[in-house]
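Please walk through the model shown below, beginning with the chain as a whole and then turning to its aromatic rings and to one arginine.

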Amino acid sequence: MLVHLDCFVISADTGSFSAAARQLGLTSAAVGKNVTTLETQLGVRLFQRSTRKLMLTEAGERFLQEVRGGLTTVKMAMQGLSTSTERPSGTLKVSMGTFFGMHFILPLLAEFLELYPDIQPDWEFDNRKIDLIGERYDAAIGGGFELPQGIVARELAPVHAVLAASPAYLRQHPPFLEPDDLTRGHGIRIRSPQTGRIRNYMLRNAAGQQSPVGLPLRMTFNEPEACCRAAVMGLGIVMGNMPDLLPSLENGDLVRVLPDWYAEAGGIFLYFPTHKLLPAKTRVFVDFIIGKFREHQIARRIDARLFVQKPAVK
């Protein structure tokens, strides 16, 4: 019965028997047969089938909502029967933003694997928003995810957007002392890969003053690292998130512009299932990442309110 329910839920999430079959390691025919068996047992049709589409019936929609949480709980309970004694192992599927993942999470991998050699990382570096449950991820690191039932978000650090430019660029222009001075600059901005839009920020300072970002747009990119590199090249002033700019700020390739001003930009969260009986591989990953954020003081380092530019050693 469990495999029949699994075939039904994944077929509903993916929209086809063939896609569900790939996730489950079965044939498309086997998935279809399992769903048909389930329909026979329930005495209702769950899907409307055609050569092109697989659509839930009204009864199927209702049954999916009722069974999804329970099925996940049962599966997690089965996986967690021996979590207190089992050695963490298996494939660990995690999604994370490209730049943040490469610079902050990937460097921790060697230590993680030394502690848990039986875990096989399957990590996706991408800036897209994923469906944690539907795409069967064990965890995700990022921001702006929707929180469906069954998913919890643990904040790792707040995120601020700041202005930065290369020392060479700043030497070639009069000092930028107030937000109004930004009208003399050349803006480097990121546009959302999902919407193509440029986010409008409101700058603020410790005194509670606010000001729009009056920075004339010179160029846009859909990748934070490209914005950072363009600024390092001296092509303008970048408006970017602290985690994306931190390596270049710490090594002196970039310098904060209007260092007393910043904009709220959300946070970095660790997403994972809420269930108490997490698989050991997920549980140790969550604990490891939270511990390393504390040990390396990552939240403090990327806090625009606390960051102090150190003289670059060249």
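**Contacts, rings and a buried arginine**

Among contacts in the protein chain between residues at least 6 apart in sequence, 74% join residues at least 24 apart. The model is a predicted one. Its protein chain has 11 helices and 13 strands, and of the 314 residues in the chain, 43% are buried.

The aromatic rings come next. The count of aromatic pairs comes to 10. One pair is made by Phe-8 and Phe-63, whose ring centres are 5.4 Å apart and whose planes meet at 45 degrees, so the pair is tilted. A tilted pair is one whose planes are neither under 30 degrees apart, which would count as stacked, nor over 60, which would count as edge-to-face. Phe-8 belongs to helix α1 (residues 2-14) and Phe-63 to helix α4 (residues 58-79), so the pair ties together parts that are 55 residues apart in sequence. Phe-8 counts as buried because its relative accessibility is 0%. Phe-63 is buried too, with a relative accessible area of 18%, and the cut-off for buried is under 20%.

Elsewhere, Phe-112, Tyr-116, Trp-123, Phe-285 and Phe-288 form one aromatic cluster. Two rings have a positively charged side chain over the face. Lys-93 lies over the face of Tyr-137, 4.5 Å from the ring centre. Arg-184 is placed over the face of Phe-176, at 4.9 Å from the ring centre.

The last stop is Arg-256, in strand β12 (residues 255-257). Arg-256 is buried yet has no salt bridge. Its nearest side chain of opposite charge is that of Asp-260, 6.7 Å away; a salt bridge would need a side-chain nitrogen within 4 Å of a carboxyl oxygen.

What does the side chain of Arg-256 reach at 3.5 Å? The partner is the backbone oxygen of Ala-304. A polar atom of the Arg-256 side chain also lies 2.7 Å from the backbone oxygen of Pro-259. Backbone oxygens of Pro-259 and Ala-304 are thus among the surroundings of this side chain.

Leaving aside neighbours within four places in sequence, Arg-256 is in contact with Val-162, Leu-163 and Ala-164, with Met-242 and Leu-249, and with Trp-261, Ala-304, Phe-307 and Gln-309. Ala-304 therefore appears both in this list of contacts and as the residue whose backbone oxygen the side chain reaches.

Technical notes:
Residues are numbered from 1 along each chain as its sequence is written. This is a predicted model: local features need pLDDT of at least 70, side-chain atom pairs count only at pLDDT 80 or more; totals for chains, interfaces and linings use all residues. Side-chain values use heavy atoms; hydrogens and water are left out. Helices (H or I, at least four residues) and strands (E, at least two) are DSSP runs, numbered from the N terminus. Buried means under 20% relative accessible area, exposed over 50%, partly exposed in between (1.4 Å probe, protein chains only). Lys and Arg count as positive and Asp and Glu as negative; His and the chain ends are not counted. A polar contact is a pair of N or O atoms within 3.5 Å; within protein, one must be able to donate a hydrogen and the other to accept it, and residues adjacent in sequence count only if both atoms are side-chain atoms. Contact means heavy atoms within 4.5 Å. Rings of Phe, Tyr and Trp (its six-membered ring) pair if their centres lie within 6.5 Å; planes under 30 degrees apart count as stacked, over 60 as edge-to-face and the rest as tilted. A charge sits over a ring if NZ of Lys or CZ of Arg is within 6 Å of the ring centre and within 35 degrees of the ring normal.
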